[in-house]
Amino acid sequence: MEDISDAAVRAARDLRVAFSRLRRRIREVAQDADLTPSQESALTLVGKHGAATASALAAAEGVRPQSMATTLAGLEQHALIRRAPDPDDGRRQLVTLTDAGQARVEGNRQVREEWLARAFQDRYSDAERQTILTALELMQRLSRP
């Protein structure tokens, strides 16, 4: 990293730490005691991307298919997902959210957004919030190819 400035290295490290902490805190806000973190993550993934096979979900989560099967079984016991034959390949099953699963995903999303908005309102001045918005506009460059 000899051609990278100390400021860039520090910014990268501090940003990664701050985002990790914020992500963990946001997850805690809507965490339900009756679901494991793996189940919460899989439920959110199905809610975000729609119907998927268990193997596709496992790949997206970076877990073994057997682990995803266990996670999905738990979600099925809570009546949050359903499985149905894939219309393109009857040997596979597609996982989708039930109405209860959809309501839970939406409820969690709303709780998290409300917590974050309230935290911005309570912890920062108008000028600080504007600074954050400006920084976020600059940060969008990091997500571009």
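These are my notebook entries on how the helices of this predicted model pack together, with a few residues looked up one by one.

**Entry 1: the core**

I began with the largest nonpolar core, which has 16 residues. Which of them touch the most other members? I found Leu43, Leu57, Leu72, Leu75 and Ile81. Next I asked which elements supply at least two residues each. They are helix H2 (37-49), helix H3 (54-61), helix H4 (65-77) and strand E2 (89-97). H2 gives the largest share, with 4 residues.

I then picked Ile81 and listed its contacts, skipping residues up to four places away in sequence. Ile81 touches Leu43, Leu72 and Leu75, and also Glu76, Val95, Thr96, Leu97 and Thr98. Since H2 gives the core its largest share, I made that helix my guide for the next pages.

**Entry 2: H2 against H3**

How do H2 and H3 cross? Their axes come within 11 Å, at an angle of roughly 115°. That makes the two helices roughly perpendicular. I also noted that the crossing of H2 and H3 is right-handed.

I wrote down who meets whom. From H2 come Ser41, Ala42, Leu45 and Val46, and from H3 come Leu57, Ala60 and Glu61. Sorted by class, this contact has 5 nonpolar residues, 1 polar and 1 charged.

**Entry 3: Val46**

I stayed with Val46, which is found in H2. Is Val46 buried or exposed? Its relative accessible area is 2%, so Val46 is buried, the cut-off for that being under 20%. Leaving aside neighbours within four places in sequence, I found Val46 in contact with Leu57, Val95, Thr96 and Leu97. I also looked up its distance to Ala60: the two are 14 residues apart in sequence, and their C-alpha atoms are 10 Å apart in space.

**Entry 4: Ala51, in a loop**

Where does Ala51 lie? I found it in the loop between H2 and H3. Ala51 has 46% relative accessibility, so it counts as partly exposed. Not counting residues up to four places away in sequence, Ala51 touches Leu94, Val95 and Thr96. Val95 and Thr96 were also on my contact list for Val46. From Ala51 to Arg82 I read 9.8 Å, C-alpha to C-alpha, although they are 31 residues apart in sequence.

**Entry 5: H2 against H4**

The axes of H2 and H4 come within 9 Å and cross at roughly 85°. These two helices are therefore roughly perpendicular to each other. On the H2 side I listed Ser38, Gln39, Ala42 and Leu43, which meet Met68, Thr71, Gly74 and Leu75 in H4. How many residues of each class are in this contact? I read 4 nonpolar, 4 polar and no charged residues. Ala42 was already in my notes, among the H2 residues that meet H3.

**Entry 6: H2 against H5**

Helix H5 covers residues 99-123, and its axis comes within 10 Å of that of H2, crossing at roughly 100°. So H2 is roughly perpendicular to H5 as well. Glu40, Leu43, Thr44 and Gly47 in H2 meet Gly101, Arg104, Val105, Asn108 and Arg112 in H5. By class, I noted 2 nonpolar, 4 polar and 3 charged residues here.

Leu43 turned up again, as it is among the H2 residues that meet H4 and one of the core residues that touch the most other members.

**Entry 7: Gly101 and Ala79**

Gly101 sits in H5. Its relative accessible area is 0%, so Gly101 is buried. Apart from neighbours within four places in sequence, Gly101 is in contact with Leu43, Ala79 and Leu80. Between Gly101 and His78 there are 8.8 Å, C-alpha to C-alpha, for residues that are 23 apart in sequence.

That contact list led me to Ala79, which has its place in the loop between H4 and strand E1 (81-86). Ala79 counts as partly exposed because its relative accessibility is 42%. What caught my eye is its backbone: Ala79 has a positive phi of about 60°, although it is not a glycine. Why write that down? Most residues other than glycine have a negative phi.

**Last note**

Looking back over my pages, H2 is roughly perpendicular to H3, to H4 and to H5.

Methods
Residues numbered from 1 in each chain as written. Predicted model: local features only at pLDDT ≥ 70, side-chain atom pairs only at ≥ 80, totals over all residues. Heavy atoms only, no water. Core = buried A, V, L, I, M, F, W, Y, C linked by side-chain atoms within 4.5 Å. Buried < 20%, exposed > 50% of the residue type's maximum accessible area, 1.4 Å probe, protein only. Contact = heavy atoms within 4.5 Å. Axes fitted to C-alpha atoms, helices over the stretch in contact; angles between N-to-C directions. Parallel < 35°, antiparallel > 145°, perpendicular 65-115°, else oblique. Left-handed = near helix turned anticlockwise from the far one by under 90°. Nonpolar A, V, L, I, M, F, W, Y, C, P; charged D, E, K, R; others polar.
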